[in-house]
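Biologist: Pick one part of this model and give me a proper close look at it, please.

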Amino acid sequence: MKIKQIFLFPLVFFCVVIQAQTPDNKIFNLFFEKQYNKVIETVENTKTANINDFYYAGLSAETLEDAILSAFYFKKCIVIDTTFVPAKISLAKALFQNEEYVSAIEIYANLLETDTLNAFLWGGLGDCYAKMMLLPQAYSCYENAFYLNPRNSSNTLKFVSVLGALRNKDYMEEALFYCDSTLFYNENNKPLLRKKASVLFAHKEFLQAAPVLELLMSQRDSSFQVLKQAGICKALVNKYDAAIFLLRKAHQQSKKDMEVMLHLASSLSHKPELFDETLEVISEIRKNIEPDSAIIYQTNTLLAQSYLGIKDTVNAILQYYYSINQENRDDRLLRMASLANQIALESSNSLLWYVHYYFLQNFEPEYERNWNFQRQKSFSQFLLGEYFKYMHMSGKKKVSWQTFDGKWKTITMNDLQELLK
């Protein structure tokens, strides 16, 4: 019983075709010769046009993507025979294309009263509700369509999209069930595989997303979404060469995608031989963003990593300093002070001292329980204490330091003594 009801539309349509097949039926012949404009012209010039003629005219207009005209002819069919189901279904589709969603809903709902196990009708009704942003109703319709016909990949894609919009998060397990159920019948369906990968990616399940993306790429899927997500997955597991290869391709397709550019810059920053390209990508990022302290902080940090790669410690410290000015991250304070320690013996300028002075100025008491901070604080206090002794012995009452942005900062012995208390 279920199968008969689901496939009601094709059966009825077949009956219409059989009824129309007469030797002198010119409209029928024109339709199956794909002369759709000629079908419409002939129907318009035929005073004795019947229900089948109007139906073929409607199908012709539908094929020619004229939803208004197709709706006109399907309505003529229904006026002649209010029980003509194929015309009702086609009219609902035409109304949907014309954005007359309420009218289309009425037709689908009416048909479902006598054909409740028709997956196609449930899917069509779900489409209308989705367009009207009535997501709970759309979800319910798509769910009915899914369980009646889990093979339909188009319906499953829409179903999972509505599910994501409804739940925002914590929908992964349910979404994967629907994707995998339909993939059982369509194992290499690219849109479904992309949807599955996107669900995993959105939930930060990168290790699970990676093999799905690999499968898509093995099928020669070089779409932007696949290249982007696969590249980011590679970057997150430190496979920088593969990440760079994929993210470069994604960047060629979309020059302003910020995620792609940031992960590309991050991957490049780990390759000293690609230092110049890192600078180019970071420059491009900064040209394409609105003022955003978080992204400027990220790019400063990436530049610091790049400078470290080419053993330019001074410029690395400079970039960490700039990143702290954008977002006062304590781990960057520690990193900056730690790098200053590394160049203590070779530092003949004020860099080492200024870093530790800056560190102590920005130290916050609530971090005193953190061993790393406590150790760094003690070390900074020791170094600046030694500098204080040097100032005292040399008779200096104040000292000027050149900061990272090229400006000069002056402090007195009293300022330094106060800081070291």
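Biologist: How many residues line the largest pocket, and which of them lie nearest its centre?

Modeller: Bear in mind that this is a predicted model, where local features need pLDDT of at least 70 and side-chain atom pairs count only at pLDDT 80 or more, while totals for chains, interfaces and linings use all residues. Numbering runs from 1 along each chain as its sequence is written, and side-chain values use heavy atoms, with hydrogens and water left out.

On to the pocket (an open set of points on a 1 Å grid where a 1.4 Å probe fits, with protein on both sides within 12 Å along at least five of seven lines). Its lining (residues with an atom within 4 Å of a point) has 18 residues, and Phe120, Gly123, Gly124, Asp127 and Lys158 sit nearest the centre. The volume, meaning the space filled by probe spheres set on the points, comes to about 270 Å³. Helices 7 (85-97), 9 (119-131), 10 (135-148) and 11 (153-167) are the elements giving two or more residues to that lining; helices here are DSSP runs (H or I) of at least four residues. Helix 9 has the largest share, with six. By class you get seven nonpolar, seven polar (Gly counts here) and four charged residues.

Follow helix 7 outwards and you meet lysine 93, tied to glutamate 62 of helix 5 (51-63), so parts 31 residues apart in sequence are joined. That's a salt bridge (Lys or Arg side-chain nitrogen within 4 Å of an Asp or Glu carboxyl oxygen), with the closest N and O atoms 3.9 Å apart. Both ends are partly exposed (from 20% to 50% relative accessible area, 1.4 Å probe, protein chains only): glutamate 62 at 24%, lysine 93 at 28%.
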